[in-house]
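Here is a short set of exercises to work through with the structure open beside you. Try each task before reading its solution.

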Amino acid sequence: MFNAIVLTQEGKATKAELRPVDEKELPSGDVDVAVEYSTINYKDALAITGRGAIVKKWPMVPGIDLAGRIETSGSPDWKAGDRVVVTGWGLGETTWGGLSQKARLDSRWLLALPEAYSARQAMAVGTAGFTAALCARALERHGLEPGDGEVLVTGAAGGVGSIAVAILAGMGHTVVASTGRPTEIEYLEGLGRRASSTARASPRRSACGASSTACSARRARTSAGPSTPGWRGGSRPARSGRASSAGRGSAPAGSS
Ligand SMILES: NC(=O)c1ccc[n+]([C@@H]2O[C@H](COP(=O)([O-])OP(=O)(O)OC[C@H]3O[C@@H](n4cnc5c(N)ncnc54)[C@H](OP(=O)(O)O)[C@@H]3O)[C@@H](O)[C@H]2O)c1
């Protein structure tokens, strides 16, 4: 037996309970993983609260990703003890996901967890961070290079947006982070600062505040922000509504 969050449907309502689960209840798969960490993705919140049509099969264990160690393997590619990470593949939607102490999975979905990462770190990045990284790589593939101009991240205080800000600043881009929550500007500026903390001699750009997601209304520069190399915090938006903050980083990719 092991513990899992199990979702069932009662009428049109979703019932979520943390309960012991018998191994016999596990779905089919050739690999059993002892789950160490998972994330709570927005999709998981929708699934657990029953507010979105996320779950396609009942009962369901939510959790769109997981990291852990293989317990038993019927695949020649994996052995007990291997550290793995899984994201996507219908986890938490069509097959049981990561909010469980154990998962039975198709071995083709597994990725080896690189030595440098603990399971906790991998899931701190999570599917949202993985998505942000794919977006940053896609921009690179389309030829975007540091110095080409500002990169606008909308929904910047969200899961994908916040990691995109950190990654892009870490890659050396000038990031304009657009958020509807002015209270998050300091947090976003902090992400840019941390990502660019290894920058020693990069040109400084001020942050901007704007009244729209397009960051069209630039505000006056200010030196009020901390003087971290490669980064200068800027003015705070004076009015409510969506606001932006910008930063420049020139640390190597992957340093954030
Ligand atoms: N999370 C994942 O693993 C994942 C994977 C693939 C694709 N996606 C997609 O990526 C997008 C972001 O996902 P997320 O997980 O980062 O969601 P999230 O954490 O909820 O962030 C979404 C952000 O969008 C902004 N936003 C919300 N309502 C808005 C509105 N009416 N107008 C303008 N901006 C608004 C908010 O940014 P501020 O708080 O800064 O205002 C919010 O924090 C979604 O479209 C999602 O489907 C996510």
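The exercises below go from the whole chain to single residues in this predicted model.

**Exercise 1. The chain as a whole**

Task: Describe the secondary structure of the chain and say how many of each element there are.

Solution:
- Step 1. Begin with the count: the chain has four helices and 10 strands.
- Step 2. Then follow the sequence, which gives the pattern β-β-β-α-β-β-β-β-α-β-α-β-α-β.
- Step 3. Now turn to burial: 44% of the 256 residues count as buried.
- Step 4. Finish with the contacts at a separation of 6 or more, 73% of which join residues 24 or more positions apart.

**Exercise 2. Confidence**

Task: Find where the pLDDT falls below 50.

Solution:
- Step 1. Take the chain average first: the mean pLDDT is 80, and 75% of the residues reach 70 or more.
- Step 2. Look next at residues 197-242, where the pLDDT is below 50; the model gives this stretch 100 contacts beyond near neighbours in sequence.
- Step 3. Go on to residues 246-256, where pLDDT also stays under 50. Here the model has 55 contacts beyond four places in sequence.

**Exercise 3. A hairpin**

Task: Work out how β1 and β2 pair and what the turn between them looks like.

Solution:
- Step 1. Strand β1 (residues 2-10) and strand β2 (residues 13-21) are antiparallel and share nine bridges.
- Step 2. For one point of register, take V6, whose bridge partner in β2 is E17.
- Step 3. Two residues separate the strands of this hairpin, and G11 in the turn has a positive phi of about 65°.

**Exercise 4. The five-stranded sheet**

Task: Put the strands of the open sheet in order, and explain why β6 and β7 are edge strands.

Solution:
- Step 1. The order is β6-β3-β4-β5-β7, and the pairing is antiparallel.
- Step 2. β6 and β7 (111-112) each have a single partner strand, so one side of each lacks a neighbour in the sheet.
- Step 3. Now check β3 (residues 31-37) against β4 (residues 65-73): six bridges join them. Within this pair, V35 is partnered with G68 in β4.
- Step 4. On to β6 (residues 102-105), which four bridges join to β3. V33 stands opposite A103, and A34 has K102 as its bridge partner.

**Exercise 5. Backbone geometry in the loops**

Task: Which peptide bond is cis, and which residue has a positive phi although it is not a glycine?

Solution:
- Step 1. Recall the background: most residues other than glycine have a negative phi, and most peptide bonds are trans.
- Step 2. The bond from W58 to P59 is cis, with omega near -10°. P59 belongs to the loop between α1 (42-49) and β4.
- Step 3. W89 has a positive phi of about 55° and is not a glycine. This residue sits in the loop between β5 and β6.
- Step 4. W89 counts as partly exposed because it has 17 C-beta neighbours inside 10 Å.

**Exercise 6. A residue in the β5-β6 loop**

Task: Decide whether L91 is buried or exposed, and list its contacts.

Solution:
- Step 1. L91 lies in the loop between β5 (83-87) and β6.
- Step 2. L91 has 28 C-beta neighbours inside 10 Å, so this residue counts as buried; the cut-off for buried is 20 or more.
- Step 3. Beyond four places in sequence, L91 contacts G63, I64, D65, V86, G97 and G98.
- Step 4. For a distance across the sequence, try V61: L91 and V61 are 30 residues apart, with 8.3 Å from C-alpha to C-alpha.

**Exercise 7. Helix α3 and the ligand**

Task: Describe α3, then the shell around the ligand.

Solution:
- Step 1. α3 has 12 residues and spans 17 Å from its first C-alpha to its last, close to the expected 16 Å.
- Step 2. Of the 12 residues of α3, 11 are buried, among them V160, I163 and I167.
- Step 3. Just after α3, G172 takes a positive phi of about 100°.
- Step 4. Both α2 (119-141) and α3 (159-170) supply at least two residues of the ligand shell.
- Step 5. The ligand has 16 residues around it, and G155, A157, G158, T179 and G180 come nearest.
- Step 6. By character, the shell divides into five nonpolar, 10 polar and one charged.

Terms used. Residues numbered from 1 in each chain as written. Predicted model: local features only at pLDDT ≥ 70, side-chain atom pairs only at ≥ 80, totals over all residues. Near = placed C-beta within 6 Å. Nonpolar A, V, L, I, M, F, W, Y, C, P; charged D, E, K, R; others polar. Pairing = 2+ DSSP bridges. Contact = placed C-beta atoms within 7 Å. pLDDT = per-residue confidence, 0-100. Expected span 1.5 Å × (residues − 1).
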